[in-house]
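Trainee: I am new to this one. Can we go through what the labels rest on?
Mentor: Yes. Here it is.

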Amino acid sequence: MRHVTRLYNPVWRGYCCAFVLLFAAALLLAVAAPAPAWEAHTARATLLKNREYGEALLQGIRTARSTILVSCYLFKITDFPGNLPRRIAEELIDARRRGLTVTVVFEQSREADDSLNRENRSTATLLSRNGVTVRFDSLRRTTHTKVVVIDGRYVYLGSHNLTHSALTRNNELSVLLDSPEAAREVVNFLGEI
């Protein structure tokens with residue numbers, strides 16, 4: 001009896017109505033709120049383990065149609081036969097010759113004679129002499145990214161540096177995202193470096 005009389009009590013009914021209205025308003029706000037960029041469109045992801053990354057990246061560069069943006073901590077090319085980073089550099093140069101906008105952002109250390117600086121500057125020289133736009137990050141912050149954005153849609157992101165050991169021998173893990181939203185976020189992030 002006591003529970004039934006509560007339903008007829010105007011104060012209790014007011015509390016119940018207020019609760020229902022607040023719950024409905026919260027539900028409506030949750031449904032009407034814009035989805036975060038990652039949820040706006042379903043991104044397709046492909047896991048790239050160890051050696052799979054280098055071949056997938058080469059294929060992506062070869063088939064690119066408009067833009068390629070690379071940011072990496074270490075991009076080390078050598079003259080040894082089969083050097084995968086050299087093949088990647090050559091494909092970037094070829095993409096530039098095909099008329100694509102190709103930009104590479106390198107890490108630089110404060111120590112001028114650091115091996116990181118030597119390797120990145122050597123690769124930067126090769127690329128820039130062949131028309132690729134080259135940028136170095138600020139000395140105030142380490143840019144440890146390993147990311148490539150192709151055609152504002154495909155994002156290669158993960159642990160792979162562009163070194164022969166990372167691309168052929170190390171245990172590395174990266175992902176290829178087919179996501180214009182993720183690509184836009186990465187490009188904006190790199191624009192602030």
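Trainee: What makes strands E5 and E6 a pair in this predicted model?
Mentor: Four bridges join E5 (residues 146-150) to E6 (residues 154-158). Pairing needs at least two bridges, so they count as paired. The two strands run antiparallel. Within E6, Leu157 is the bridge partner of Val147.

Trainee: Where do E5 and E6 sit in the sheet?
Mentor: The order is E1-E7-E6-E5-E2-E3-E4, an open sheet of seven strands with mixed pairing.

Trainee: Why do E1 and E4 stand at the edges?
Mentor: E1 (44-49) and E4 (133-136) each have a single partner strand, so one side of each lacks a neighbour in the sheet.

Trainee: Why is the pair of Tyr53 and Tyr156 called edge-to-face?
Mentor: Their planes are 85 degrees apart. Over 60 counts as edge-to-face, so the name fits. The centres lie 6.3 Å apart, and pairing allows up to 6.5 Å. Tyr53 is in helix H4 and Tyr156 in strand E6, 103 residues apart.

Trainee: How do you know that Tyr53 and Tyr156 are buried?
Mentor: Buried means under 20% relative accessible area. Tyr53 has 2% and Tyr156 has 4%, so both count as buried.

Trainee: Why is the pair of Phe75 and Phe106 called tilted?
Mentor: Its planes make 35 degrees. That is neither under 30 nor over 60, so the pair is tilted. Both residues are buried. Ring pairs link Phe75, Phe106 and Phe136 into a cluster.

Trainee: What makes Arg121 lie over the ring of Phe136?
Mentor: Arg121 is 4.4 Å from the ring centre, over the face. The distance limit is 6 Å, so that part of the test is met.

Key. Residues are numbered from 1 along each chain as its sequence is written. This is a predicted model: local features need pLDDT of at least 70, side-chain atom pairs count only at pLDDT 80 or more; totals for chains, interfaces and linings use all residues. Side-chain values use heavy atoms; hydrogens and water are left out. Rings of Phe, Tyr and Trp (its six-membered ring) pair if their centres lie within 6.5 Å; planes under 30 degrees apart count as stacked, over 60 as edge-to-face and the rest as tilted. Buried means under 20% relative accessible area, exposed over 50%, partly exposed in between (1.4 Å probe, protein chains only). A charge sits over a ring if NZ of Lys or CZ of Arg is within 6 Å of the ring centre and within 35 degrees of the ring normal.
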